[in-house]
Protein chains: 2
Amino acid sequence: MTNANQQAVPPGISRLAALAPLTPAARQALDLAARQARTVKARGELQVEGREIRAPMILLSGWACRAFNLADGRRQIASLLLPGDLIGMYNHEAPIANASVIALTEVVVCEAPQPREAADLGGLAEAYAISAALDQAYLLRNITRLGRMDAYERIGNWLLELRERLALAGIGSSNQFPMPLTQEVMADTLGLTSVHINRTLQQMRKDNLIALQNGVITLADPARLATLADHHPACVTAAGSRPEG
Amino acid sequence: MTNANQQAVPPGISRLAALAPLTPAARQALDLAARQARTVKARGELQVEGREIRAPMILLSGWACRAFNLADGRRQIASLLLPGDLIGMYNHEAPIANASVIALTEVVVCEAPQPREAADLGGLAEAYAISAALDQAYLLRNITRLGRMDAYERIGNWLLELRERLALAGIGSSNQFPMPLTQEVMADTLGLTSVHINRTLQQMRKDNLIALQNGVITLADPARLATLADHHPACVTAAGSRPEG
DNA sequence: CGACGGTTTGACAATCATCAAATACAGTGG
DNA sequence: CCACTGTATTTGATGATTGTCAAACCGTCG
């Protein structure tokens with residue numbers, strides 16, 4: 001049963017399963033879809049702004065983003081897409097992509113199974129809905145970061161958010177996780193320049209808040225960082241203790 | 001048939017009807033819901049961050065926002081809510097508000113009818129879905145504004161977006177619309193200070209791009225402004241020429 | 001008239017961007 | 001194994017956009 005293409009269970013599937021209890025049928029639909037996976041190299045376009053969306057996708061592994069380019073070359077990454085995130089999932093007819101989706105690392109994606117069939121396919125629709133709500137919550141947080149936080153806070157807050165999101169997909173531990181992004185990409189995500197990212201990261205290292213080795217970031221004192229950067233975990237449903245506290 | 005509580009058709013209903021073709025039944029459900037309207041004064045809270053959402057609402061008239069407060073008093077308005085916008089509409093169980101929703105002017109809201117009954121209730125679900133997609137599109141744009149535009153561009157881009165959104169609800173004309181917000185609220189929306197908003201608005205007046213009298217803003221040259229501020233209208237569906245060009 | 005919220009103005013400070021170059025690092029080919 | 005190339009990180013010097021603080025002004029309302 002092990003799939004040659006990937007590890008036993010791609011992180012993306014783990015995340016969806018963690019969002020809502022799935023029936024065996026739903027789980028099977030996901031596994032089946034994941035078997036039809038497609039690999040895209042870093043910098044590849046998963047979705048083109050303004051173009052009609054053929055089918056929604058699940059990001060099984062790797063990092064991607066929704067990006068915008070201004071006329072003069074400035075770029076803003078509106079959100080990062082991590083394993084388990086849905087790409088181009090809309091509930092209306094003939095949806096058009098409202099952003100370009102770009103692979104930041106090599107990524108693996110598959111088509112997202114439609115939950116409509118067979119009485120909701122057991123919680124799949126619920127998982128999608130929770131994923132959508134989380135997506136929105138993180139967009140709102142990103143707006144707050146960009147609008148009202150300084151560079152130091154932005155980075156700190158953002159790192160804690162990454163930890164939280166990656167944890168859902170079973171990636172990383174309580175105080176460290178992979179960081180495959182260049183400082184330039186971080187800059188485009190946080191609305192800063194790569195030079196300023198670099199200097200601020202150095203400061204955070206001096207302050208013994210973070211450490212970075214071999215593409216793995218370590219948060220030395222997440223609690224203190226959370227206070228400094230005004231971070232609170234996202235929570236979108238009161239049902240069970242499902243998403244996380 | 002005219003409703004004592006409101007004008008014949010509240011702008012919020014017009015917008016939803018403009019998003020997707022509604023069957024008479026759907027239309028009737030909306031009109032019925034609108035009759036149970038509730039008025040909230042400026043500064044009133046429509047939704048409290050972290051609290052469970054009882055029922056989704058439609059903003060029938062007036063302006064509101066989704067706001068965040070940082071520990072030290074800084075505030076960020078993540079998005080404005082205009083007539084026809086949906087408040088707290090999620091598709092999962094026991095949703096929790098991920099932001100505070102605050103009335104910026106006196107607003108009128110009603111409960112949003114559930115589209116699930118009776119075979120989708122004729123396009124109501126479609127209208128909701130398109131509204132959700134537009135909401136997301138505008139969040140992404142706001143992120144781009146905050147992350148990569150200077151004060152002048154932010155304001156210009158934002159004004160054009162307001163014009164576009166208000167037009168859907170039948171509010172304003174091709175080059176002017178009401179502006180009930182204080183410069184302080186504009187500042188919290190655009191990630192600036194009210195002082196800087198004030199100075200930048202003055203500059204835009206000198207440049208003959210905008211004029212402001214009695215709470216009505218006039219865009220003297222929307223095309224030039226669109227070029228300066230890198231603005232492109234939002235489009236979320238390829239179906240018909242529905243939302244707008 | 002006085003109080004109040006909002007706008008406007010001025011002087012100054014600070015964060016962050018810009019420009020340019022040096023350094024480190026990884027992969028490639030000789 | 002070592003130059004070689006390209007990308008990413010780091011550093012320095014300088015300037016611009018925007019924030020901060022404080023006060024004046026203005027219209028409205030009681």
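Me: By class, how many nonpolar, polar and charged residues does the surface near DNA strand D have?
Reply: A residue is near a strand if one of its heavy atoms lies within 4 Å of it. Ala, Val, Leu, Ile, Met, Phe, Trp, Tyr, Cys and Pro count as nonpolar, Asp, Glu, Lys and Arg as charged, and the others, Gly among them, as polar. Sorted this way, the surface near DNA strand D has four nonpolar, seven polar and four charged residues.

Me: Thanks! What kind of model is this?
Reply: Residues are numbered from 1 along each chain as its sequence is written, while chains are lettered from A and ligands numbered from 1 in the order in which they are written. Side-chain values use heavy atoms, with hydrogens and water left out; local features need pLDDT of at least 70, side-chain atom pairs count only at pLDDT 80 or more, and totals for chains, interfaces and linings use all residues, for this is a predicted model.

Me: Which element gives the largest share of the surface near DNA strand D?
Reply: A polar side-chain atom of Asn198(A) lies 2.6 Å from a phosphate oxygen of that strand, and a backbone N or O atom of Ala151(B) lies 2.9 Å from one. The elements giving two or more residues to this surface are α7 of chain A and α7 of chain B; helices (H or I, at least four residues) and strands (E, at least two) are DSSP runs, numbered from the N terminus. The largest share, five residues, comes from α7(A).

Me: And what percentage of the atoms of DNA strand C within 4 Å of the protein do sugar and phosphate account for?
Reply: DNA strand C is surrounded by 15 residues, and Gln183(B) and Arg199(B) are among the closest. For the atoms of this strand within 4 Å of the protein, the share of sugar and phosphate is 67%.

Me: Which element gives the most to the surface near DNA strand C?
Reply: A polar side-chain atom of Gln202(B) lies 2.4 Å from a phosphate oxygen of this strand, while one of His196(A) lies 3.3 Å from a phosphate oxygen. With five residues, the element giving the most is α7(B).

Me: Is Arg199(B) buried or exposed?
Reply: Arg199(B) sits in helix α7 (residues 194–206) of chain B. Buried means under 20% relative accessible area, exposed over 50%, and partly exposed in between (1.4 Å probe, protein chains only). Its relative accessible area is 58%, so Arg199(B) is exposed.

Me: What is the relative accessibility of Arg145(B)?
Reply: Arg145(B) belongs to helix α4 (residues 124–148) of chain B. Beyond its neighbours within four places in sequence, Arg145(B) is in contact (heavy atoms within 4.5 Å) with residues including Trp158(B) and Leu190(B). Arg145(B) counts as buried, because its relative accessibility is 2%.

Me: Within what arc do the buried residues of α2(A) fall?
Reply: Ala26(A), Ala29(A), Leu30(A), Ala33(A) and Ala34(A) are the buried residues in α2(A). They line one face of the helix, because, seen down its axis, they fall within a limited arc, that of the directions from the helix axis to the C-beta atoms. On the other side, Pro24(A), Gln28(A) and Leu32(A) are exposed. The arc that holds the buried residues is 135°.

Technical notes:
A polar contact is a pair of N or O atoms within 3.5 Å; within protein, one must be able to donate a hydrogen and the other to accept it, and residues adjacent in sequence count only if both atoms are side-chain atoms.
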